[in-house]
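Here are a few exercises to work through with the model open in your viewer. Try each task before you read its solution.

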Amino acid sequence: MTAMAARPSLTVVEPVVAKPAIEVHGVHKAYGPRGSHVLALSGISLTVERGTFACLVGASGCGKSTLLGLLAKLEKPQLGRVKARGRVSLIFQEAALFPWLTAAQNIELALRLAGVPSREWSDRSADLLRLVHLDGFGDRRPHELSGGMRQRTALARALAQGADILLMDEPFGAVDAMTRDLLHDELEAIWSASGMTVLFVTHDVREAVRLGDRVVILTSRPGRVAEEVQIDLPRPRPIGDPAVAELTERITNRLREEVMRHADD
Amino acid sequence: MRTTEIGQQMRRERTFAGLDSLELPISERPTWARRLWGSAWPQLAAIGLVLVAWQLVVISGWRPAWVLPGPLAVLPRLVDELRNDLPAAILTTLRRATLGFTLALAIGSFIGLAIVRWRLLRTAVGSLLTGLQTMPSIAWFPLAILLFGLSEGAIMFVIVLGAAPSVANGLVHGIDHIPRILLRAGRVLGARGIDRYRFVVLPAALPSFVGGMKQAWAFAWRSLMAGELLVIIAQQPSLGVTLQLQRELSDAEGLLATMIVVLAIGIVIDLLVFGTLERRIRERRGLIETAA
């Protein structure tokens, strides 16, 4: 359960009938008091196969964050079933690093809580910091790092948990464009080397097309799956690629239709 | 093909390194001595000003010199007392302060945690705790003396009643105001039960807890002085007893010298111990700018 090293690295030999990593079935979630509540998710169903990089796009109020919260067991659905098979980790919009710990200590805490023996902590955290190109910054505290560096530390911390399923909630929303491009490359490389399942929430359609095997378009208020788009373009996909641009436009138009439905709300 | 891939990887790493060094917040730390001097000289100047004002009042002849002696008489006397009887009195008082404060810390922390854990308890005693702080500690002494006699027990009782609510309040306030995202992050990492408190809740609440401790110290010190003036225990010279004795002997010089010691101890512990602790914690978390 704990050992990240024990996970098969590149060649994932799965039985043909492997169960999906993520299954969401008919989930309802509402907030607020009865009568005047806001329906965040209404009968949403979604399946993500093991090892898939799935992107969720939707405008505000589509319940993206709620869905991730349900999968990470931070919240409970009022109706329906939520199933995540494997160890789940969640990366937030803002890097939720503990400000009283250094970058390395944040990672070590994740290792410790994942049950990794203490003699391995410092080596493993050094490895993980190197993986996200932060070697030499382990002694810094979160406020002494830039936004992009904090998000990379958060990624390293999530990897330290030995997660099979990585949930990401608009993780690069607050990062500048140049850093974001690099982070896309890094994330893609880490994902393809690890065989993890990723569910990546974003409102940036281009980002979704750049990264996803699949892009799931959500409706807003209440959130449901409007359409799913399979992205079969070869990786890595340059962001300026015409095929990327074309798909981005198509999905953006679909999303715009969804938003316009709410013009008269 | 292979070489271009490696080239790309290197370019990527160089770009990361470049961005990182450009984006890093620049923090300029003034040297330790500079910072110390920066805060010390205005304070020293203020103390000097107070001494001058004091001397001027004495010169004006508002009260006779045997009632209100000036700093020129009191300060040498202070040095003299510090060579003779005062150290023993200071030691007794500090021992009581340490014991009482430690008790208040333990009891206050326990109450604070209990309030956080049980909603009903919070509704029941949450506001009462703040109300308890408005009770002048000296008003507890008659009861304390009835309960414990003229003993250290009576003094400890009042110190705990005065200081524990501040500790509890600081802890409760700190836990209440933990950013939700940190609690969620803790749960995602799998911190449950004791681990949740040990690795997430308590460290996150620490700044406010230290603030509560600082306030608790002020209450404890006041309660202790009141207690030592009222609860006089034979054979135990303390700062309070010294003050009382000096008043009875109309020894104004000695009285003022002792008062300076009382004031100095209170300030030194407040500023040097708790003030430094608080500032360190805030700095480490990036809650205040390091540069003045």
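Two strands count as paired if DSSP finds at least two bridges between them. Helices (H or I, at least four residues) and strands (E, at least two) are DSSP runs, numbered from the N terminus. This is a predicted model, where local features need pLDDT of at least 70, side-chain atom pairs count only at pLDDT 80 or more, and totals for chains, interfaces and linings use all residues. Residues are numbered from 1 along each chain as its sequence is written, while chains are lettered from A and ligands numbered from 1 in the order in which they are written.

**Exercise 1. Work out the strand order of the three-stranded sheet in chain A, and find its edges.**

Step 1: start with strand 1 (residues 22–31) of chain A, which pairs with strand 4 of chain A over five bridges, in the antiparallel sense. One spot to look at is A:Val24, whose bridge partner in strand 4 of chain A is A:Val82.

Step 2: write down the order, 2-1-4, for an open sheet with antiparallel pairing.

Step 3: read off the edges. Strand 2 (38–48) and strand 4 (79–84) of chain A each have a single partner strand, so one side of each has no neighbour in the sheet.

Step 4: add the twist. Neighbouring strands here are turned by 25° against each other on average, direction ignored (axes are lines fitted to C-alpha atoms, for helices over the stretch in contact, and angles run from 0 to 180 degrees between N-to-C directions).

**Exercise 2. Place strand 3 of chain A in its sheet, and say whether its residues are buried or exposed.**

Step 1: the open sheet of six strands in chain A runs 5-6-7-3-8-9, with mixed pairing. Its edge strands are strand 5 (88–91) and strand 9 (225–230) of chain A, each pairing on one side only. From one strand to the next, the twist averages 15°.

Step 2: check the partners. Strand 3 (residues 53–57) of chain A runs parallel to strand 7 (residues 197–202) of chain A, over five bridges, with A:Phe53 opposite A:Val198. Four bridges join strand 3 to strand 8 (residues 214–218) of chain A, also parallel, and there A:Leu56 has A:Val216 as its bridge partner.

Step 3: count neighbours. A residue is buried if 20 or more other C-beta atoms lie within 10 Å of its own, exposed if 12 or fewer, and partly exposed in between, with C-beta atoms placed from the backbone. Five of the five residues of strand 3 of chain A are buried.

Step 4: sort by direction. In a regular strand the side chains alternate between the two faces of the sheet. Here A:Phe53, A:Cys55 and A:Val57 point one way, and A:Ala54 and A:Leu56 the other.

**Exercise 3. Compare the span of helix 11 of chain B with what you'd expect, then look for a kink.**

Step 1: the expected span is 1.5 Å times one less than the number of residues. For the 33 residues of helix 11 (residues 252–284) of chain B that gives 48 Å, and the end C-alpha atoms are 46 Å apart, which agrees.

Step 2: find the kink. Helix 11 of chain B bends by about 35°, centred on B:Gly275 (the bend at a residue is the angle between axes fitted to the seven residues ending there and the seven starting there).

Step 3: look just past the helix. B:Gly286 follows helix 11 of chain B, with a positive phi near 70°.
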